[in-house]
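Welcome! Let's read through a protein model together, one question at a time.

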2 protein chains.
Amino acid sequence: MRRHLSTVSKHVPSSGVYPLGFLVASTTAGLKKTAAPDMALVVSDRDCAGAAVFTRNAFAAAPVLVGREVIKTSGAAMRAVLVNAGCANACTGVQGIADTRTAIAKTAASLGLKSTGSTLMLSTGVIGVPLKMDRIEKGIDALSASVTKSSTASHEDWLAAATAIMTTDTFPKLRSKEFSVNGKVYRIAGWSKGAGMIHPNMATMLAGIFTDAAVSKPCLQAALSHAVERSFNAISVDGDTSTNDTLVVLANGAAGTKLIDDIKSSEFAQFQDNLTEFAAELAGLVVRDGEGATKFLDIQIENARTFEEGKAVATAIAKSPLVKTAMFGQDANWGRIVCAVGYSGVDIEPTKVNLWMESKNEIVHLFKDGAPHQVFDQADKDKAKRILAGEDIVIRVDLRLGKVKAQMFTCDLSFDYVKINIDYT
Amino acid sequence: MRRHLSTVSKHVPSSGVYPLGFLVASTTAGLKKTAAPDMALVVSDRDCAGAAVFTRNAFAAAPVLVGREVIKTSGAAMRAVLVNAGCANACTGVQGIADTRTAIAKTAASLGLKSTGSTLMLSTGVIGVPLKMDRIEKGIDALSASVTKSSTASHEDWLAAATAIMTTDTFPKLRSKEFSVNGKVYRIAGWSKGAGMIHPNMATMLAGIFTDAAVSKPCLQAALSHAVERSFNAISVDGDTSTNDTLVVLANGAAGTKLIDDIKSSEFAQFQDNLTEFAAELAGLVVRDGEGATKFLDIQIENARTFEEGKAVATAIAKSPLVKTAMFGQDANWGRIVCAVGYSGVDIEPTKVNLWMESKNEIVHLFKDGAPHQVFDQADKDKAKRILAGEDIVIRVDLRLGKVKAQMFTCDLSFDYVKINIDYT
């Protein structure tokens, strides 16, 4: 039923380099309609700094409501992240909150953790129905048993966890890499899911990032806030924000080095840059698996007055159904893009605006100083056609108002987006 | 290529009752690719009060830039509205502004008007290319000759004008009616166009409303501002705002009665209510002709704290691609609607929220006090199915925060929306 950007294997790694001190398990608890794996657990062998960003949706789900408390009270001594797919535990009232607490306490008990509040639970799936707690509890038993008997996590363990949290995602989203801060090497790994709708449905974006760097809780939260604005808050599939969206990062310090705890230090800046780049890569995978997506659109705004203004312009373009359908149709429709710039709410100067479309090898300057440009000659039309035939398209807009850059990642709007979302009952 | 809500004739009147003192003409100037009529002129036989609202898009087209001046300087003594389709005269720089001024001066000269600045010009069509002024000028000659030799405007004249301003609209949008203020009868007529994309394209919404009531300029502008918030600013097809959007209203006083010039009078309140209702009807026609639309969605928010908050909630629902595709799929997807309420930015109280879907004859209470309701029983499911099978669907949300109502009108998001907008070059 779904049209894919490319083959599944293209976006799924066959090996990885994973952070020290994290154990990973997944299991099939019977929460999905299919008999696919549906629960995952990542546990650190020591206390971690933990930071998270949660949905701002007023109908925040039970795991989000409880999660905010967990990060607040235990964010300096986190141990585990538990995830279930198949049930979002949203619009489930006080029962939903009690169920989340029960699952967290059960996890702590099974793992023999001292603190019962050092586990974050993430849920995704159907809303409006309660968690099947008997299955969740059996799942926790299986996950705990699995991590208790292992001493390290393999690539296969990480990939299985990324697979277990999928809903209508078409491929597991997993990345890992080494990075260095002042010459010292660390590891970072993470998974994400998103852009999937299930009945009665919402798209939930979940992501977990794990590193063996040693970072204080305030520094980790600051770096995450910076990173999320430039990664998960810089992607748009259809502009809807779910009740369950959560991004969590744990730093366990298992690499055994000096704590990064000064927000003004060069160590912090380096860590923040690496976290941002890594988060952007995970976020990009969500866009590439956007429902019905055939194009990956990189919207780059240059020379804005402020980051907020640049972001507002990028967002107007990224959310325009007219721009997104034009990209699906491979139509170099500069008019729709200019129009979105114009209604973004930012006080722009029309005669300063320039617009380009770019592929890896070619560039066409469609709009120059407020007027159409390179849109009339056949050679330019042919160039635009070649650029738009590709999977990766850069839309670059220069506002000439200041010196700040901003960026958004989105996908096109295709027949398959409609097909996937009409969801005949 | 397009799927229609219903037969064209259903939305097009076969007769009407038109305001006194207005003459109407249309012609074929050769601005469209097809040989269809493409220019229209409405002239009052005496000075009118004129008020207008224009797009806020920073790339406002030349006719908008000039139009703002015209209303400012001549709004108490307007005489005519000139419209062309086929060319939007947008992104055309100083030449575009000069062309608009030339067309306005030519119209005044041809009609023998004393003031050269008492004509508003509206343009819609292709952007980035200049007006073909030789054709525009010949068109103005033909229009002027036509109105000069007539003494009254027939239903056919009004319908022909509504047809000439169409771009990819599938039916002409014309309404007329009598209304009374303190027992005195007046007439009001108007046309609108919108939701049409033409290469290289934007959707432009234009509307003109004409009445033989006598209203002062400040009162007319105040009534229009009120009306537009509840009509043309309460519709959303895809959330994009064009460079040319304009709504103009002329009141010529040809009914020969006392001037409505006190904003606190009951006459003003009655006039404002009638104008609002009339504008909402014209705006509704734009939604019904929304690209690919198969459903007319009436989003009603009740018991908001303020009109602005209610409108924000209604807008979040009306713009959600997930809600709009669900409606196309006839899926009673309360989760997506609740989710949109939650991310609207309004400080709601989840446990107070109630949601209904309604047809003319049936109602289903899908969400009650923050939890799903009437969604589990087969009888309720069947009822929702019948409601969603109809063309007109009401989505009603009670916030229980205050006492204010707000409303939005939108259409569903169908395969045909994508088909129409991919616009293969």
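A residue is called buried when its relative accessible area is under 20%, exposed when it is over 50%, and partly exposed in between, using a 1.4 Å probe and protein chains only. This is a predicted model, where local features need pLDDT of at least 70, side-chain atom pairs count only at pLDDT 80 or more, and totals for chains, interfaces and linings use all residues. Residues are numbered from 1 along each chain as its sequence is written, chains are lettered from A and ligands numbered from 1 in the order in which they are written, and side-chain values use heavy atoms, leaving out hydrogens and water.

Q: Is His155(B) buried or exposed?
A: Let's start with where it sits: His155(B) belongs to helix 5 (residues 155-164) of chain B; helices are DSSP runs of H or I with at least four residues, strands are runs of E with at least two, and both are numbered from the N terminus. Contact means heavy atoms within 4.5 Å, and beyond four places in sequence His155(B) is in contact with residues including Pro13(B), Tyr18(B) and Leu174(B). Its relative accessible area is 10%, so His155(B) is buried.

Q: Which residue shares a polar contact of 3.2 Å with the side chain of Lys193(A)?
A: Lys193(A) is in strand 6 (residues 184-193) of chain A, and because its relative accessibility is 0%, it counts as buried. Leaving out residues up to four places away in sequence, Lys193(A) touches several others, among them Thr167(A), Thr204(A) and Val286(A). A polar contact is a pair of N or O atoms within 3.5 Å; within protein, one must be able to donate a hydrogen and the other to accept it, and residues adjacent in sequence count only if both atoms are side-chain atoms. The partner side chain at 3.2 Å is that of Thr124(A).

Q: Which UniProt annotation covers Thr167(A) and Lys193(A)?
A: Thr167(A) lies in the loop between helix 5 (155-164) and strand 5 (173-181) of chain A. UniProt positions are given in the numbering used here, with shortened feature names, and annotations may be inferred rather than shown by experiment. The unreviewed UniProt entry covers Thr167(A), Lys193(A), Thr204(A), Glu291(A) and Asn421(A) with the annotation "binding site".

Q: Why is there no bond between the sulfur of Cys91(A) and the closest cysteine sulfur?
A: A disulfide is a pair of cysteine sulfur atoms within 2.5 Å, and a search of the whole structure finds zero of them over all chains. Cys91(A) counts as buried, at 13% relative accessibility. The closest cysteine sulfur, in Cys339(B), is too far for a bond, because the distance is 8.9 Å.

Q: How many aromatic pairs does the structure hold, over all chains?
A: Rings of Phe, Tyr and Trp (its six-membered ring) pair if their centres lie within 6.5 Å; planes under 30 degrees apart count as stacked, over 60 as edge-to-face and the rest as tilted. Over all chains, the total is 18.

Q: How many residues apart are Phe22(B) and Phe210(B)?
A: The structure holds 18 aromatic pairs, and one of them is the edge-to-face pair of Phe22(B) and Phe210(B), 5.5 Å centre to centre with 65° between the planes. Phe22(B) is in strand 1 (residues 22-27) and Phe210(B) in strand 7 (residues 206-211) of chain B, so the pair links distant parts of the chain, and Phe22(B) counts as buried at 2% relative accessibility. Along the chain, the two are 188 residues apart.
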